[in-house]
Amino acid sequence: MVVADSSADLGYTLALALYGQGYATEAVRAVLGHLFRRGLRRVSAECDARNIPSARLLERVGFDLEGRRPEFTHINTGEWTDILFYGLPAGRWQKRAVGPQPTAEATGLQHG
């Protein structure tokens with residue numbers, strides 16, 4: 001089965017009290033597995049550049065950092081913040097099933 005659009009945008013929010021327990025990573029991996037099994041070709045995600053745990057989560061599950069937009073979005077505090085853009089094509093997801101892949105952090109690449 002091929003998903004009609006063949007791409008999706010991923011988003012998630014987790015209560016602060018649950019940070020660091022692996023729930024978001026587990027949920028994101030489950031959703032990605034489901035989407036790619038259904039024939040999706042690509043998943044995109046974005047996060048506030050200051051949200052290092054979220055960026056690490058995306059990299060840990062296989063997303064590649066594809067870009068950064070400075071002062072791209074306005075948040076409730078009245079400040080503008082940079083956004084990081086990530087992408088995960090189906091082929092990269094399938095390769096990860098064979099073994100772990102290095103993250104940008106592990107390879108020494110920086111976000112900004």
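**The largest pocket and its surroundings**

About 520 Å³ of space lies in the largest pocket of this predicted model, a pocket being an open set of points on a 1 Å grid over the protein atoms alone where a 1.4 Å probe fits, with protein on both sides within 12 Å along at least five of seven lines. Its lining comprises 23 residues, and those nearest the centre are Y12, Y19, N51, P53 and S54, where lining residues have an atom within 4 Å of a point. Helix α2 supplies the largest share of this lining, five residues; α1, β2 and α2 each give at least two. Helices (H or I, at least four residues) and strands (E, at least two) are DSSP runs numbered from the N terminus.

In helix α2 (residues 52-60), S54, A55, L57, L58 and E59 are the buried residues, that is, under 20% relative accessible area with a 1.4 Å probe and protein chains only. At the start of α2, the backbone nitrogen of S54 has a side-chain oxygen of N51 within 3.1 Å, and just after α2 a positive phi of about 120° is found at G62.

The four strands form an open, mixed sheet in the order β1-β2-β4-β3, with β1 (7-10) and β3 (64-74) as its edge strands; strands pair if DSSP finds at least two bridges between them. Strands β2 (residues 42-48) and β4 (residues 80-89) are antiparallel over seven bridges, and R42 has P89 as its bridge partner in β4.

Residues are numbered from 1 along each chain as its sequence is written. Local features need pLDDT of at least 70, side-chain atom pairs count only at pLDDT 80 or more, and totals for chains, interfaces and linings use all residues, while side-chain values use heavy atoms, with hydrogens and water left out.

How values were computed
Buried < 20%, exposed > 50% of the residue type's maximum accessible area, 1.4 Å probe, protein only. Polar contact = N/O pair within 3.5 Å; in protein donor to acceptor, adjacent residues only side chain to side chain. Points joined across faces, edges and corners; volume = space filled by probe spheres on them.
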